[in-house]
Amino acid sequence: MTDPTLIDLRDFQLIAFDIDGTLMGTDHLIRPFTRDTLFRLREAGFPFTLATGKSLPGTISQADTLEIDLPLILVNGGVLQTRTGSILHAITLPEDIVRTTIELCEREKRDLVMYAGDRIYFKEMNDNMRPVYGHLTTGLQAVGEWKTISERMAHINKCLVVDTTRREKLISMGEMFEAAFNGAVDVLHTSAVLVEVMPKGVNKLEGLKKLTEQMGIPISRVMAFGDFDNDVEMLSAAGLGVAVSNASARAKEAADIIVGSVDEEGAARFLAELINRLPAIN
């Protein structure tokens with residue numbers, strides 16, 4: 001682990017944050033101290049962005065709250081998009097993968113969600129889905145039957161299964177995807193209640209690399225914050241990987257330093273200390 005007293009904020013040119021479990025808890029809100037600290041960070045000359053498994057509809061509230069002008073790293077790195085909607089980069093799943101995923105979920109009676117650009121498709125809202133998607137006010141589209149969006153099957157960025165009550169069923173579904181696709185896609189457990197089918201080789205690190213290439217900075221000048229397994233590549237490769245104390249074991253192992261939990265606003269408090277160490281500008 002890196003000694004936090006040796007960290008100099010001036011060594012970094014970009015800060016990237018996971019959202020859920022890192023910047024905000026189950027209330028889906030950016031707390032005032034976190035917001036104010038990130039504003040201080042930008043005012044001190046250190047730009048930041050969000051790196052999340054969500055698409056723009058699920059991210060726009062936080063992006064607007066934090067007034068982020070840099071492109072957002074969305075859909076676990078599969079989409080690079082501004083909060084005003086401009087898509088700079090996007091990767092989709094092969095259509096046969098999407099249709100097989102639907103068949104498996106229909107057979108197993110699982111709640112499937114599919115992301116395509118600014119739309120989040122699902123069959124119907126229910127008590128299992130509501131804890132994850134019930135707070136969203138835009139982007140959601142209940143389709144009733146998947147055949148109603150057949151023309152969209154070639155434009156899906158990712159598929160995921162939600163299970164907010166039975167972790168063992170989610171693990172089993174992930175194993176089923178692994179067996180069906182035999183390495184053609186990446187199957188990721190991105191939280192305790194989600195398992196996702198992603199295009200092969202797509203992750204937050206790859207999205208972050210797209211952004212740093214555009215900005216002309218090396219990945220070694222990035223500080224990244226995260227809390228779960230889908231943050232591992234980003235935490236490992238960044239100049240400084242920071243995990244919150246509520247992070248998964250894999251995320252903690254990948255990180256260079258562990259800070260306070262999301263409920264303690266650990267990421268913001270760590271950054272506030274670094275900002276306070278900056279020399280005063282006369």
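Trainee: When do two aromatic rings count as a pair?

Mentor: Rings of Phe, Tyr and Trp (its six-membered ring) pair if their centres lie within 6.5 Å; planes under 30 degrees apart are stacked, over 60 edge-to-face, and the rest tilted. Here, ring pairs join Phe-17, Phe-48, Phe-225 and Phe-270 into a cluster. Bear in mind that this is a predicted model, where local features need pLDDT of at least 70 and side-chain atom pairs count only at pLDDT 80 or more, while totals for chains, interfaces and linings use all residues. Residues are numbered from 1 along each chain as its sequence is written, and side-chain values use heavy atoms, leaving out hydrogens and water.

Trainee: How many aromatic pairs does the structure hold?

Mentor: Four. In one of them, the ring centres of Phe-17 and Phe-48 are 6.0 Å apart with the planes at 80°, so this pair is edge-to-face.

Trainee: Which strands do Phe-17 and Phe-48 lie in?

Mentor: Helices (H or I, at least four residues) and strands (E, at least two) are DSSP runs, numbered from the N terminus. Phe-17 belongs to strand 1 (residues 14-17) and Phe-48 to strand 2 (residues 48-50), so their pair ties together parts 31 residues apart in sequence.

Trainee: Is Phe-17 buried or exposed?

Mentor: Buried means under 20% relative accessible area, exposed over 50%, and partly exposed in between (1.4 Å probe, protein chains only). Phe-17, at 0% relative accessibility, is buried, and so is Phe-48 at 2%.

Trainee: What about Phe-177 and Phe-181?

Mentor: Their rings form a stacked pair, 6.1 Å centre to centre with 15° between the planes. Both Phe-177 and Phe-181 are buried.
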